[in-house]
Every structure is written in structure tokens, then in C-alpha cells.
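Student: I have a new model open and would like to go through some of its local features. Can we take them one at a time?

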Amino acid sequence: MEPSPYLAHISATGQTQTVFEHLCGTASLAKDFARPFGGEEQAELAGLAHDIGKYSQGFQKRLKGAPIQVDHSTAGAAECWRRRQLFAAFAVAGHHGGLPDGGSQTDGPDQTTFLGRIQRKEKGKLEPYECWEQEVTLPQAVIPDFLMRQAGLEWVFFTRMLYSCLVDADFLDTEAFMEGRSRETNEASMQQLWDKLRRYTSAWFPPKGELNRQRCQILERCIHEGETQSPGLFSLTVPTGGGKTVASLAFALAHARGHDLRRVIYVVPYTSIIEQTAEVFREILGEENVLEHHSNMLYDPEGEASPRTIRLAKATENWDMPVVVTTAVQFFESLYACRSSQCRKLHNIAGSVVIFDEAQMLPIAYLRPCVWAISQLVAHYGISAVLCTATQPALTPVFREFLPQVPVRELCPPDTCRWEAFRRVSFQQTGGLTWDDLAAQLNAHRQVLCIVNTRKAAQEVYGRLDGAGSFHLSTLMCPSHRKEQLTEIRRRLKEGLLCRVVSTSLIEAGVDVDFPAVFREMAGLDSILQAAGRCNREGRRSAEESIVYIFEGEEKAPPLFSTAIGAGKAAMSRHTDIASHAAIHDYFSDLLDLKGKEAQDQQQILPLIQSEFFPFRTVAERFHLIDTPTRTVYIPWGEGAELVAQLRSGAGGRTLFRKLGQYGVSVYEKHFSDLAAGDLEVLENGAAILLHEGLYSHETGLSLEADSGKGLFI
């Protein structure tokens, strides 16, 4: 057989890959990727069809340098559509520009909807590509059985997962050809990771002291459940200080190796938690086996071109690693995304253990779409999901609606350990306090943490503290600044030095600090209990002398917090022990009832999917877990000064902006507008560089007062 004259790629060294070779390579990879959820025939079809538009003279000219635009992805979509292969047709249509909205039958060929693009074929507006039939035969692929029984929501979710298989396979096959190498798959097995974990925890046995004995009981129970439970939906309710992070990892590895699951994905709510969690996992499993993926994490293969950094940088694109630690924003926004860069990773979620740490922090405004997505993954994509928290939310009714046949199984029921052993604090309600009164009480403590609801309140209270040994933490400080402050805070706590800290809620979940006393402004009960986890964390003092003071500040509560505060007050009025299971359950039940079902899907994501024809782009535009629009201000602070100088000199690219993330402060639009009059150098991407040194304090970060203290950086 004569070599095909139709080329898909030409490498930098002049090597050529034919369209047929690329289609076969992509189809083989996509088929393998879709196997965990029974979509292999659909994925193979999509792989074979995706680039048949390259069998056109127009594309061949463009490949060889002609300055022309050629739509090569609509051709394969049209051929799949003609064969009534709806899912593959959408995946192919979106493999370059992203999944489109379905549109309507009245859409014309100039519109970017799926049906509009199909009209391009119908109206003869595509470059002729008929030669594909001489080399390629498209199979009549079957669809998984569960899609035959259900439509609408399930079809849209499956299409996005299929799309993930296609775009990742397309990228990997192209990359392997362009770089002249085969794809590497030399990751550690779940058994190898399990052996590392067992070696790490072996030093814990026999446990020393009552607290460690209880922690070991929790660990052993999680291991037993991991080995004996069939895949499904689980909750893990562990008291603060119970070793939840390692115990949940132990369950995941035991469960994965016993059920041939491929990876462990750990989903946490905030970057302030993720860095600490990832560091623990790297210590246990080795840094080569753990991918930490979030906006502030940089893998720089250009600056440090080692096999490790290259592998980690590539793994951020598709999560092809044994253990992934990521944020809820990254996880759920990817599941509702339409762009290939966000969706590449999705197929690697299938056949995994997914742990949702601090599950109570799922935003209520997106609760139903998040729970529905978890339910789809459990029902049809072979994952075991674990809702892991010290304050388990009352999500069972929502899961029962979406997963009626799958019960939520608790991994550590109350008889696993003595919860009383972890009771390390007492709670005391103080009523209303002015900022002056609050500061006076804080100044009476040698070491104390105060958590308030707003960044403005944090600056107000901090300004009233005695200067020596006082610290401020809020998101008005750039991440690098906060890390530096936390390092000093931990040092002073450890050495018994004077240490008074005023912080927003960023410190209350997952940040490992231990204060003898904590003040918490009135908030939701979950926030109050999380704050309590920063008090007497190591159990060195009695619960009676370790007090969490709950107060009401002089500011009116922000509207964002009002419902949670109301539910928290109601639960605290009904329960003497506000940390009891009953109080926590009542709080979350009240909170969901007060919000109502509509408020749990504020953007009407699920009704939109049910009522429209595959609205991929519209859904992606609506689904943003962090919903309040903010702008980034880059601060020339510390090493940030050099990075800002590079940006000003015209440098750019992903590497620079990821580094700059450590020196960025997110501000609301009004604050940004107040600053903009001469205080900022606004960039083309909408972010800005702070111009005036006096507006960024080394104590409290970016000023909320735009018109004071200006001075040029030097």
C-alpha cells in the first residue's frame, strides 16, 4: 500500500505523521481511557473521526505554511452525526475550540453552536475531505447500557467524559510524535504506595498515650473498611485531632489496591489547606508520586528541567499521577467546563477513590450540581467517594435524591473511638463586644487567636492590639506574605513567646496552629467548630482551661453570612453541647432548609441541562464555585518586586503568572475601582500592579483606604 499523502503533523525536524497514523493512535489511546466507564467503543469512534477534516487540500496547504484558516473538526462531527452518533459528534466538534452549545434547528452555518456547525456541512461550506473513506472506516459504536435507560443530565455528563478521553488522547499522540518518543507509564502501583504508608505508620504502634491510642483505632478502622467495603459512597466523620488526613489516605489506598482502582484524588476547599495536606502525602508516599494542583503551585520545567518537574508539569494537564491533591474549585469547575484544557483530566477521575476533605465547605449556591456530579461519578464511572470532615453536613437527603439505590456508609461510626478523648476545649458565649473591648480581652492573653468575619474587622481589631508579638492574617496579604507570617507565628507558639493573632476565616480549616485560647466572631456552627480546632490542638492542656469565646462584633454581619449565623444561633440555643453530633446535624439541616432547594442551585445549572440541547458553553459560563467577581492586584513585595519588573519589561507566559500568584491579592470590584485612580497600573488581562508602597503594609497587607499613605516603590 502506498504511503498516504495526507499529513496530520510535521515535526520541527521534518518528520511527518500521516492523518491515518494520528487517527489510529488517538483512537487507541481514547479507547483505553474510556474503558473504566464502558465508553471504549464511543471513544474509539471519536478518535478515528476527530481529524478526518485534515483529508482536505486546504488543510494540507495550511500545514505546509499557507496563511489560510481551515475548519477541520466539523467534518468528523458531521460524519458522526450522520451515523446518529450524538456523543461522539459533540466530542469531535469541540476537540479544538471547546464543547459548543447544542443550539437549535434554525441556527445557520455562521453560528458557533453544534447544529450551526453541522449546517456548514449541509450547505457545502467545508473544504472537501472525501478522501478519508479510502483509509478510514468508522465503526457503529454501541453506547453504555445506563445511557439507554436515562437521558438529559446523564447524556451531557457522559459526553463531557468522552470528550476528555478524546482531547487527552489527541494531545498525547501528537506530543509523542512531535517529541519523537513513546508515551511513558512508569508510575507507582497502589500496592507500592500502600507499602510506603504502612512503613510510615508502623512507628505509631504500639500507641503511646490515650489520644494516640484513639487515633490508631480510627486508622485501623479505616484500613479495615477500605479492605472489606465494596466501592460506593462513604462518609468519614472524625473528631478534630483524630488523624483524619492519614486515616482517609489509608482507607483510599487499601480500597484502591483491593478493587483495582487507579488513583487517589484528594479534594480540599482552599489553597491554605492544600499545601499542608500535599506536604504530608509527599512525606509518606514520596514527592514523585504526589501531584499538588492548584493556582498557586508552580512546576517550572524551564527553570528546573529535571525528569520530575517535567513529569509534574505535564501531569497538571491530565492528572496522570497515582495521587492528586487539588481544590474543590479545580475539581468541580472542570466537571462543568467546556474547554479542552480543563476537561483533559476528567477521564482520569473514573476508577479512582475521591476524598472530599472538609465537605461541609461545599458552597450552598452550587450544592446540588456538586452532589449530582459526585453521584454520577459513583453511579456510572467507578469511583468511590468519601465525604470527609469533623462536622459532617446533612447531605444524605440530597444524595438519596440523586443516588436512591446507594446508601452513604460511615467509615468510623461513633463506637470506633471515644470522642470525649478529643474534647479539648470549652465554649463560652460572651455576647456583644466593641472592638475596643475585644482588643482589651485579647491583650490580656499571652497567646491567643481571634477570628473575625471580614477583612475590615481584622484590620480594625489588629490596630487596637499591643504592638509586640501581634500578627494579622487575611487575604489582603499576598500568599507569600501569609506564609511568612504563619512561619513566625508557629515559631513563637512553639517557643512560648508572646503571640496574639487576628485573622479572617482563612486560618480556621486545616491550618496547623495551636493556641491556648481562641475568640471567634459569631458565625455558622461549622466555622465555630473549625475555629475550635485551633485551640489546644495538641491536647497539652485541659478542656476546662482551653476556652473558645464566641462573641458578636460591633459590625453588622455581612449578608453572605447571615443565614449561616441564624442557623448557628438556633442550633446553639437548642443544644448545651454545641459540638455534639445532634447539634451539628440540626445546624446543617436548618441551614439547607432555610436556603431551600432553589438556593442550592442558584444558577439553575441542573434545570438548564434538562431543558436545553446540550448547553455546554452556557453551563461553563454559569458554573463558578467562587462566585464573587474579583480582580487581582500584584504586589511588588519581597521577591514579587523582581517578578513585577519582569512583567513590566514585557515578559509573560504561564510560568511568570504562576509565580506572580504568590504575590497577588484578590479584591472586589469596588475596592479595585477605589484604588485605580493613580494607585494601580492596569494590565491588558484586567489584573493590575500596585504602584504605591504606602498602600501595602508589612503588617496588614493591602490597605482598604485607597487615598492614604502613598509612596513610590524603590
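Student: Which residue does His293 stand opposite in strand 6?
Tutor: His293 stands opposite Thr326 there. This is a predicted model, in which local features need pLDDT of at least 70 and side-chain atom pairs count only at pLDDT 80 or more, while totals for chains, interfaces and linings use all residues. Residues are numbered from 1 along each chain as its sequence is written, and side-chain values use heavy atoms, with hydrogens and water left out.

Student: How many bridges join strand 5 to strand 6?
Tutor: Four, and the two strands run parallel. Strands are DSSP runs of E with at least two residues, helices are runs of H or I with at least four, and both are numbered from the N terminus. Two strands pair if DSSP finds at least two bridges between them.

Student: Which way do the residues of strand 5 point?
Tutor: Val290 and Glu292 point one way, Leu291 and His293 the other, and all are buried. Buried means under 20% relative accessible area, exposed over 50%, and partly exposed in between, with a 1.4 Å probe and protein chains only. In a regular strand the side chains alternate between the two faces of the sheet.

Student: What about the sheet with strand 16, in what order do its strands come?
Tutor: The order is 17-16-19-18, in an open sheet of four strands with mixed pairing. Strand 17 (664-668) and strand 18 (680-682) are at the edges with a single partner strand each, so one side of each has no neighbour in the sheet. From one strand to the next, the twist averages 35 degrees, taken between lines fitted to C-alpha atoms, with angles from 0 to 180 degrees between N-to-C directions.

Student: And how do strand 16 and strand 19 run, parallel or antiparallel?
Tutor: They run parallel, joined by two bridges. Val633 has Ala688 in strand 19 as its bridge partner.

Student: Switching to helix 23. Where is its kink centred?
Tutor: On Asp593, with a kink of about 50 degrees. The bend at a residue is the angle between axes fitted to the seven residues ending there and the seven starting there.

Student: What span should helix 23 have?
Tutor: Its 19 residues (581-599) should span 27 Å, and the end C-alpha atoms are 25 Å apart, which agrees. The expected span is 1.5 Å times one less than the number of residues.

Student: Which residues of helix 23 are buried?
Tutor: Among them are Ala583, Ile584, Tyr587, Phe588 and Leu591. The buried residues pack against helix 16, helix 21 and helix 22 (559-574), where contact means heavy atoms within 4.5 Å.

Student: New topic: how many disulfides are there?
Tutor: Zero, a disulfide being a pair of cysteine sulfur atoms within 2.5 Å. For Cys131, the nearest cysteine sulfur is that of Cys24, 17 Å away. Cys131 is partly exposed, at 26% relative accessible area.

Student: Why does Cys478 have no bond?
Tutor: Because the closest cysteine sulfur, in Cys499, is 19 Å from the sulfur of Cys478, too far for a bond. Cys478 is buried, at 0%.

Student: Last thing, the backbone. What is the peptide bond from Phe205 to Pro206, cis or trans?
Tutor: That bond is cis, with omega near -10 degrees. Pro206 sits in the loop between helix 9 (190-201) and helix 10 (210-228).

Student: What is phi for Glu358?
Tutor: Positive, about 50 degrees, although Glu358 is not a glycine. Glu358 is in the loop between strand 7 (352-357) and helix 16 (367-380), and counts as buried at 7% relative accessibility.
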